[in-house]
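Let us walk through this structure together, one surface at a time. Have the sequence and the 3D view open as you read.

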Protein chains: 2
Amino acid sequence: MAERPTTIYDVARAAGVAPSTVSRAFSRPGRVNAETAERIREVAAELGYRANPQARALSTRSTSMIAVLLADIANPVFAELVRGAEEAAAEAGYAMVLADTRESAGREREVLDKILPTVDGIVLASPRMSDTAVRQVAKVKPTVVLNREVGGLPSVVVDNPRGMRRAAEHLAALGHTQVTYLAGPEAAWPDGVRWRALRDARTDLGLTVRRVGPVPPTVNGGVRAAAAWATHPTSAVVAYNDMVAIGFMRGALAMGRRVPGDVSVIGFDNTQSAEIVTPGLTTVAAPQRELGARAVRHVLAFVGGARSTSTDPLVLPSKLVERASTGPYPAPS
Amino acid sequence: MAERPTTIYDVARAAGVAPSTVSRAFSRPGRVNAETAERIREVAAELGYRANPQARALSTRSTSMIAVLLADIANPVFAELVRGAEEAAAEAGYAMVLADTRESAGREREVLDKILPTVDGIVLASPRMSDTAVRQVAKVKPTVVLNREVGGLPSVVVDNPRGMRRAAEHLAALGHTQVTYLAGPEAAWPDGVRWRALRDARTDLGLTVRRVGPVPPTVNGGVRAAAAWATHPTSAVVAYNDMVAIGFMRGALAMGRRVPGDVSVIGFDNTQSAEIVTPGLTTVAAPQRELGARAVRHVLAFVGGARSTSTDPLVLPSKLVERASTGPYPAPS
DNA sequence: ACGCGAATGGCAATCGGTTGCCGCGTGTTG
DNA sequence: CAACACGCGGCAACCGATTGCCATTCGCGT
């Protein structure tokens, strides 16, 4: 521990050249004599030299890193997304670091202060901070926003309206006429979008919609939502996300309601849990991996100097995955 | 974008003082006249000055960041662990960054090269690289290893042997005499430990043990394990982790075996999935959050200059959580 | 009135790299 | 043989902050 790493100066001394030559031997191979370069590289290897990217960044203003800020790592939606992001970054020779901001705008700011100067670009996944705060960040470093639209800033989002529309159509086709929406955190941008999409689908699908919540986007939140729903039960519910949907199913079950016998349930995100839970959860899926990859490629384009790729949000399709948690409107028994 | 951030030089000029004074106004408040400091702070705020931690690190050799490297973010075990780590870091005024290494030793090295100089300490969670590579890292920066022991290096691990012992006892008490272990990746340190613990429990619990695998530590891996198990079925199975256990249950179910009627299943990790799956999965739980927090506090102690806190591994207890996936040895029918 | 030390601000070196520019030596060309 | 270009290495400034040391000023004791 604490052993000072070797620097270009160490290498330079050992190889009998100037530090600048060592630097060039690595950064622009053509610029220095092939033999000299070779010798330097040998010496460097021997000494275990590794360039300090931060020191380099001081003058070049470029680390080869990007950061992805997540509202909550424990949320399984992010698993695939991170994968996609990581792969896209690796492909471009960038390292990706992640920071969890625990659903808190304050924490986002703190982390950003520390991390911003160490990276070339930022992906804000489901940021909780204000639009102005986000714009502030975008002024300093190339930034792409995920799962949210912030006027004038590049963003990547899922086609939530269409997803919700599909969900509503599915329920309507099964004969349901009343749908309850189990709302997630108000700070979550997609929540409002999904709710509005459901309301918009109301008239031409002949649906009545209600809304309970907001509840935390967790299994327990779903259990609480079930209790709230029970005061005015409907034959169908759409939850903010899969975890809430699963919690709702547990809660409903505990109250003696059967799924989908008494109530049909639809979630959002198609997380792994949606598949393993019983009954299998019908849910609106989004290409999370693609989402992450696109976002990263998008920032990297900016980092690479793209002046203004269109700032229209890039919207990715979503689709309904039908499983066993939805069924026909219960026949009067 | 691309707007150069303001530096102490900008602030110094605007406030009519020397850069060094600006620096001191922030880093050692007593050292500079109260009024001057106040003025500087005002000017700085007005200009939106934020210190560049990397530049600072050049001379102080201390960013206020630590890194946690994970083998796989998609693995839900890490969710809680990250939480604990993040909280412990925040408590100490450190920011935590995460890197996913996709279960690859090579990727670990690459990421470390980039990230190492930007942080004060490292937590390696379930590293896949060789012991020597790990020691190499530890020579450069304070390092704590999680879920693995590397001779001479501080580490935090779960009491896997005891956990497995409890699982075996539980099965033995239910009358099972043959247990199959569904092995996870060989590069995963706990895999060997768990398997050995099961073998060790054999004789005095009167068990016969078998082993199938290795399989990937995923639901699909579990499905494959079920196929392998089916060639020599046993009445009880212990899986490398919950995902494998869940996959096994699906696979077994698909083959017409009932859980726990025909086969009892135990997982490891007590992830959220263990609770929501049907039947509820009996599993060996570890205090993941605590694990993460301890690891971080441990590195921070080293960062703070502790010369050699004992390098004995810190071992945290594990316990068996009984749910519905285990039952009595099937009566001959 | 003189001397001394505390308070306070500035100068300049340093951290580890990068890069513009200079200068030397060699090879090519007229 | 002179002129010129080019290849290649070194010097030194710079990125943004920190810090040891020095200089100035002021207050105070004697």
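A good place to begin is H4(A), which with five residues gives the most to the surface near DNA strand C. Here a residue is near a strand if one of its heavy atoms lies within 4 Å of it, and helices (H or I, at least four residues) and strands (E, at least two) are DSSP runs, numbered from the N terminus.

Before going further, a word on the ground rules. This is a predicted model, in which local features need pLDDT of at least 70 and side-chain atom pairs count only at pLDDT 80 or more, while totals for chains, interfaces and linings use all residues. Residues are numbered from 1 along each chain as its sequence is written, chains are lettered from A and ligands numbered from 1 in the order in which they are written, and side-chain values use heavy atoms, with hydrogens and water left out.

Back to DNA strand C, which has 30 residues around it; Ser23(A), Arg28(A), Arg56(A), Thr21(B) and Thr36(B) are the closest. Of the strand's atoms that come within 4 Å of the protein, 58% belong to sugar and phosphate. Both chains take part: helix H1 (8-15), helix H2 (19-27) and helix H4 (53-60) of chain A, and helix H2 (19-27) and helix H4 (53-60) of chain B, each supply at least two residues of this surface. Some polar contacts (pairs of N or O atoms within 3.5 Å; within protein, one must be able to donate a hydrogen and the other to accept it, and residues adjacent in sequence count only if both atoms are side-chain atoms) can be picked out. The side chain of Ser59(A) has an N or O atom 3.1 Å from a sugar or linking oxygen of DNA strand C, and for Tyr49(A) the distance to a sugar or linking oxygen is 3.3 Å. Ser20(B) instead reaches a base nitrogen, at 3.2 Å.

Now turn to DNA strand D. Among the 30 residues around this strand, Thr21(A), Thr36(A), Ile8(B), Ser23(B) and Arg28(B) come nearest. Sugar and phosphate make up 59% of the atoms of DNA strand D within 4 Å of the protein. Which helix gives the most to the surface near DNA strand D? It is H4(B), with five residues. A polar side-chain atom of Arg56(B) lies 2.6 Å from a phosphate oxygen of DNA strand D, and one of Tyr49(B) lies 3.3 Å from a phosphate oxygen. The side chain of Tyr9(B) has an N or O atom 2.8 Å from a base nitrogen of the strand.

How do the two protein chains relate? A turn of 180° with a shift of 0.0 Å along the axis lays chain B on chain A with an RMSD of 0.1 Å, when the copies are superposed by least squares on the C-alpha atoms of residues with pLDDT of at least 70 in both. This is the relation of a two-fold axis.

Finally, look at where the chains meet. In contact (heavy atoms within 4.5 Å) are 56 residues of chain B and 56 residues of chain A. The copies meet through the same surface, because 100% of the interface residues of chain B are also interface residues in chain A. There are 12 salt bridges between the chains, each a side-chain nitrogen of Lys or Arg within 4 Å of a carboxyl oxygen of Asp or Glu. One of them joins Arg50(B) to Asp113(A), with the closest N and O atoms 3.1 Å apart.
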